[in-house]
Amino acid sequence: MAASLRLRGAASSLHYWSRRRWPAMAGLPAVCSRSMASKTPVGFIGLGNMGNPMAKNLMKHGYPLIVYDVFPDACKEFQDTGEQVVSSPADVAEKADRIITMLPTSINTIEVYSGANGILKNVKKGSLLIDSSTIDPAVAKELAKEVEKMGAVFMDAPVSGGVGAARSGNLTFMVGGVEEEFAAAQELLGCMGSNVLYCGAVGTGQAAKICNNMLLAISMIGTAEAMNLGIRLGLDPKLLAKILNMSSGRCWSSDTYNPVPGVMDGVPSANNYQGGFGTTLMAKDLGLAQDSATNTKTPIFLGSLAHQIYRMMCAKGYSKKDFSSVFQFLREEETL
């Protein structure tokens with residue numbers, strides 16, 4: 001199974017929950033009773049740009065953590081605050097029956113779950129495993145099958161909102177899995193996000209995330225192109241951004257995450273495009289969208305072009321910069 005997953009990795013109705021509208025506890029399915037109102041330790045694997053603040057928000061809500069990251073330095077600040085650090089995903093599974101994973105790629109996720117020291121080596125029956133990585137929906141479905149064989153539950157719950165929302169606890173979670181387990185998952189996810197949406201069966205959370213990120217990439221490129229053109233036509237960038245944001249061209253990339261240095265504070269463009277959501281990860285997500293479009297015979301003309309642009313950026317030294325650095329890329333590519 002692991003081999004087939006690695007191969008994949010290489011290559012209804014909507015339920016809405018918001019922190020402001022907590023559902024009544026009465027009448028919840030018995031299957032959810034193991035987690036409701038419980039402050040037993042939660043496992044967290046993957047403490048990168050997103051996982052670190054997500055884990056900290058669980059701590060703020062009183063959950064003790066059992067953490068692991070492939071880079072030991074990422075665990076140090078958690079160890080310094082008294083959280084338990086272990087040496088493998090299998091160790092996390094041995095000590096916790098609720099585990100959240102936040103990893104960069106399908107291959108990383110497969111390794112954490114199915115590797116030699118993976119979660120499935122020690123997972124307990126009845127455990128709830130929530131993967132907030134952005135991965136191939138097919139990989140999520142395969143992992144769910146393997147987890148189910150072990151008597152546990154797998155849910156995919158990718159996020160939207162970026163590092164800023166992760167820090168403030170305002171992420172949006174798109175959840176796929178057994179509907180009866182949604183209440184158990186939302187108890188934890190609600191500590192890290194202001195919106196938790198049930199999308200359907202396993203894999204539908206990933207489907208929603210892939211569609212969102214494809215649109216985000218397209219809108220970021222469009223914003224960068226519009227800003228670049230306006231600047232070259234003699235417009236002040238702050239004035240142009242103000243006009244766009246009170247006009248029909250307004251979007252998240254223009255009003256919340258503007259790619260032009262000097263237009264906004266507190267965004268990667270104000271910090272030489274450091275931090276945020278990396279260009280490599282955006283190219284990866286667009287690759288997932290491209291694969292899904294191919295498999296479903298869905299035309300994504302702009303999505304495919306966006307994929308090409310971000311792959312080109314990775315090849316030209318932008319791989320570690322935030323994806324909004326597409327503005328800088330356009331400025332430097334006079335002959336694009």
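Buried, in these legends, means under 20% relative accessible area. Keep in mind as you go through the views that this is a predicted model.

**View 1. Strand 7 has buried residues on both sides.** Strand 7 covers residues 153-156. Val-153 and Met-155 point one way, Phe-154 and Asp-156 go the other way, and all of them are buried. Next to it, strand 6 (residues 128-131) runs parallel to strand 7, and four bridges join the two. Two of the partnerships can be picked out by name: Ile-130 has Met-155 as its bridge partner in strand 7, and Asp-131 has Asp-156.

**View 2. Strand 6 is covered on both faces, too.** Leu-128 and Ile-130 sit on one side of strand 6, with Leu-129 and Asp-131 on the other, and all are buried. Besides strand 7, strand 6 pairs with strand 5 (residues 98-101), again in the parallel sense and over four bridges. Look for Thr-101 here: its bridge partner in strand 6 is Asp-131. Asp-131 also turns up in the previous view, as the residue whose bridge partner in strand 7 is Asp-156.

**View 3. Phe-323 takes part in two ring pairs.** Seven aromatic pairs are found in the structure, and this close-up picks out a couple of them. Tyr-257 and Phe-323 are stacked, at 5.7 Å centre to centre with 25° between the planes. Tyr-257 comes from the loop between helix 12 (252-255) and helix 13 (279-296), and Phe-323 from the loop between helix 14 (301-315) and helix 15 (326-332), so this pair ties together parts that are 66 residues apart in sequence. Tyr-257 and Phe-323 are both buried. Phe-323 also pairs with Phe-277: the ring centres are 5.9 Å apart and the planes stand at 75°, so this one is edge-to-face. Phe-277 is in the loop between helix 12 and helix 13, while Phe-323 is in the loop between helix 14 and helix 15, so here the parts tied together are 46 residues apart in sequence. As for Phe-323 itself, its relative accessibility is just 2%, which is why it counts as buried.

**View 4. Zooming out a little, the rings make a cluster.** Trp-252, Tyr-257, Phe-277, Tyr-310 and Phe-323 are linked into a cluster by ring pairs. One of these, Tyr-310, also features in the next view, where it belongs to the helix 14 side of a helix contact.

**View 5. Helix 10 and helix 14 cross.** The axes of helix 10 (residues 204-232) and helix 14 come within 9 Å and cross at roughly 70°. That makes the two helices roughly perpendicular to each other. On the helix 10 side, the meeting residues are Met-214, Ala-217, Ile-218, Met-220 and Ile-221; helix 14 brings Leu-302, Gly-303, Ala-306, Ile-309 and Tyr-310. Sorted by type, the residues of this contact come out as nine nonpolar, one polar and no charged.

**View 6. Helix 2 is tucked away.** Seven of the ten residues of helix 2 (residues 51-60) are buried, so the helix is largely enclosed by the rest of the structure. The buried ones are Gly-51, Asn-52, Pro-53, Met-54, Ala-55, Asn-57 and Leu-58. After helix 2 comes Gly-62, with a positive phi near 90°.

**View 7. Gly-161 sits in a loop and has contacts farther along the chain.** The loop in question lies between strand 8 (159-160) and helix 8 (162-168). Gly-161 is partly exposed, with a relative accessible area of 33%. Setting aside neighbours within four places in sequence, Gly-161 is in contact with Leu-171 and Trp-252. Trp-252 is one of the residues in the ring cluster shown above. Gly-161 and Met-50 are 111 residues apart along the chain, with 10.0 Å between their C-alpha atoms.

**View 8. Two non-glycine residues have a positive phi.** Asn-272 has a phi of about 55° although it is not a glycine. Its home is the loop between helix 12 and helix 13, and at 47% relative accessible area Asn-272 is partly exposed. Lys-297, not a glycine either, also has a positive phi of about 55°. Lys-297 lies in the loop between helix 13 and helix 14 and counts as exposed, at 77% relative accessibility.

**View 9. Pro-72 is an exposed loop residue.** Pro-72 lies between strand 3 (65-68) and helix 3 (76-80), in the connecting loop. Its relative accessibility is 61%, so it counts as exposed. Leu-47 is 25 residues from Pro-72 in sequence, and the two are 9.7 Å apart in space, C-alpha to C-alpha.

Notes
Residues are numbered from 1 along each chain as its sequence is written. This is a predicted model: local features need pLDDT of at least 70, side-chain atom pairs count only at pLDDT 80 or more; totals for chains, interfaces and linings use all residues. Side-chain values use heavy atoms; hydrogens and water are left out. Rings of Phe, Tyr and Trp (its six-membered ring) pair if their centres lie within 6.5 Å; planes under 30 degrees apart count as stacked, over 60 as edge-to-face and the rest as tilted. Buried means under 20% relative accessible area, exposed over 50%, partly exposed in between (1.4 Å probe, protein chains only). Axes are lines fitted to C-alpha atoms, for helices over the stretch in contact, and angles run from 0 to 180 degrees between N-to-C directions. Angles under 35 degrees count as roughly parallel, over 145 as roughly antiparallel, 65 to 115 as roughly perpendicular and the rest as oblique. Contact means heavy atoms within 4.5 Å. Ala, Val, Leu, Ile, Met, Phe, Trp, Tyr, Cys and Pro count as nonpolar, Asp, Glu, Lys and Arg as charged, and the others, Gly among them, as polar. Two strands pair if DSSP finds at least two bridges between them.
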